[in-house]
Every structure is written in C-alpha cells, then in structure tokens.
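Ready to get to know a new protein by working through it piece by piece? Grab the viewer and try each task before you read its solution.

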Amino acid sequence: MFIELEPIFNNVGEQKKFNFNIDLSDEEFDGIFPFKTPVMVAGVVKNSSGIVTLEYDVNLRYNGFCDRCAEEIERELSYSFEHTLVLSLNNEENDDLMLIEDLHFEVDPLAIEDIFLSLPTKILCSETCAGLCTACGKNLNHGRCDCEKEIDPRLAILQQLLENDE
Ligand SMILES: [Zn+2]
Ligand SMILES: [Zn+2]
C-alpha cells in the first residue's frame with residue numbers, strides 16, 4: 001500500500017486514512033510460518049501543526065506452538081504503532097523520528113518490521129500449562145504419566161536430616 005506523502009507534508013491539517021491487508025503467509029518467524037490469514041492494517045497519516053505522524057493498528061492471527069507442551073495454538077494479536085515522519089534529520093540521533101526518503105511511501109515494509117519486532121517469542125497455551133514430562137515426553141496437561149517422580153537431591157538431604165532428628 002502506497003501513500004502519497006507530499007500533500008500531507010505540504011498542508012497543515014491534512015490527513016489520509018488507509019486500510020489494507022498484507023499476506024504474510026510466506027514469512028517465517030522463529031522457524032515457523034505463523035500467519036495463515038492476512039494481517040489487517042488500518043491507520044492514518046496526518047499533519048498536525050506541521051508535525052507529520054503515521055499511526056496504525058494491526059490485527060492478526062498468530063498460529064504457533066506452546067513453548068512448554070508444543071501443542072498448536074492460535075492467538076489473535078493486536079498492536080498499535082506510531083511514527084513521526086520527517087524529511088530531514090538534524091544532527092542529533094533520534095530513534096523516534098523516521099526519515100522519509102521517498103514521498104511515494106510504501107507502508108508494508110514498515111508494518112512488517114514493526115510486527116516482527118512486537119511478536120512474542122514465547123507463547124504458552126495457558127499460564128498454567130503443565131508442559132511435557134522430561135522423562136517420557138507425555139503432555140502432562142492430558143493427565144499424569146507413570147514416571148517415578150524424581151526427588152530433588154537437596155530435598156532428599158533435608159528429608160534425611162529431619163528423619164535423624166526424630
Ligand atoms: Zn502448553
Ligand atoms: Zn513421564
């Protein structure tokens with residue numbers, strides 16, 4: 001999606017709304033392809049008192065795997081982003097300012113970058129996910145396994161001390 005920024009920069013009070021979908025089904029993130037459905041992007045670029053800002057919301061479905069039990073999960077995620085656009089930078093470095101080199105501006109690459117920086121690297125199917133048994137690999141959310149429970153060696157010593165006390 002391209003936006004013509006020239007009329008925005010040249011006219012205080014000017015604004016342009018935009019709304020589009022991006023197909024990210026071929027984009028790999030963290031070893032998987034999480035975007036089975038198009039990502040929705042909606043926002044506005046506007047000139048308020050000579051300051052040009054780009055604000056937009058992103059809504060997406062993230063298909064991934066629980067970090068603990070590896071079960072497949074789908075999450076709806078929403079993010080909001082805001083950038084201040086400038087045509088030239090003064091000497092000082094400012095990460096909040098975005099230098100525009102082409103007034104025929106394509107939003108997609110920026111949106112993709114913003115999304116990828118925001119995606120969670122770890123997702124759990126639930127906060128209380130019991131994970132997998134480290135011995136047999138059974139998903140403990142589906143019930144207990146038959147493995148012997150290993151006793152923490154430090155607890156074993158404590159237990160021995162308690163027994164000796166009696
Ligand atoms: Zn899980
Ligand atoms: Zn087990």
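Below are five exercises on this predicted model, each followed by a worked solution.

**Exercise 1. Find out how many helices and strands the protein has, and in what pattern they follow each other.**

Step one is to count: the protein has 3 helices and 7 strands. Step two is to walk along the sequence, which gives β-α-β-β-β-β-β-β-α-α. Step three is to look at how the chain folds back on itself. Take the contacts with a separation of 6 or more: 56% of them join residues 24 or more positions apart. Finally, 31% of the 166 residues count as buried.

**Exercise 2. Work out the strand order of the open sheet and name its edge strands.**

Start with the order: 5 strands line up as 2-3-4-5-6, with mixed pairing, and the sheet is open. At the edges sit strand 2 and strand 6, each of which pairs on one side only. Neighbouring strands here are turned by 30° against each other on average, if you ignore direction.

Now zoom in on one pair. Strand 2 and strand 3 run antiparallel and share 8 bridges. As a landmark, look for Asn-19, which stands opposite Ala-42 in strand 3. As background, strands of a sheet pair through backbone hydrogen bonds, either parallel or antiparallel.

**Exercise 3. Decide which residues of helix 2 are buried, and what they pack against.**

First, pick out helix 2, residues 108–118; its buried residues are Asp-108, Leu-110, Ala-111, Asp-114 and Ile-115. They sit on the same side of helix 2, because they cover an arc of only 160° around the axis.

Next, see what that buried set meets. Its packing partners are strand 2 (15–22), strand 3 (39–48), strand 4 (51–65), strand 5 (72–86), strand 6 (97–99) and strand 7 (104–106).

**Exercise 4. Compare the two zinc sites: which residues are the donors, and what is the arrangement around each ion?**

Take the zinc ion (ligand 1) to begin with. Its protein donors are the SG atoms of Cys-66, Cys-69, Cys-125 and Cys-129, at 2.3 Å. Along the chain they follow the spacing C-x2-C-x55-C-x3-C. The 4 donor atoms subtend angles of 106 to 112°, so the arrangement is tetrahedral. Check the exposure of two donors too: Cys-125 is partly exposed at 27% relative accessible area, while Cys-129 is buried at 5%.

Move on to the zinc ion (ligand 2). Here the SG atoms of Cys-133, Cys-136, Cys-145 and Cys-147 coordinate the ion, at 2.3 Å. Their spacing reads C-x2-C-x8-C-x1-C. Cys-136 and Cys-147 both lie in the loop between helix 2 and helix 3 (153–165), so this pair ties together parts that are 11 residues apart in sequence. The angles run from 105 to 113° for the 4 donor atoms, which makes this arrangement tetrahedral. Cys-136 is partly exposed, at 43% relative accessibility, and Cys-147 is partly exposed at 31%.

**Exercise 5. Is Asn-63 buried or exposed, and which residues is it in contact with?**

Locate Asn-63 in strand 4. Its relative accessible area is 10%. The cut-off for buried is under 20%, so Asn-63 is buried.

Then list the contacts, leaving aside neighbours within four places in sequence. Asn-63 is in contact with Ile-32, Phe-33, Pro-34, Lys-36, Ile-73 and Glu-74.

Note on methods. Residues numbered from 1 in each chain as written. Chains lettered and ligands numbered in written order. Predicted model: local features only at pLDDT ≥ 70, side-chain atom pairs only at ≥ 80, totals over all residues. Heavy atoms only, no water. Donors = N, O, S within 2.8 Å, 3.2 Å for Na, K, Ca; no water. Tetrahedral: all angles 85-135°; square planar, octahedral: opposite > 155°, others 65-115°. Buried < 20%, exposed > 50% of the residue type's maximum accessible area, 1.4 Å probe, protein only. Helix = DSSP H or I, 4+ residues; strand = E, 2+ residues; numbered from the N terminus. Arc of directions from axis to C-beta. Contact = heavy atoms within 4.5 Å. Pairing = 2+ DSSP bridges. Axes fitted to C-alpha atoms, helices over the stretch in contact; angles between N-to-C directions.
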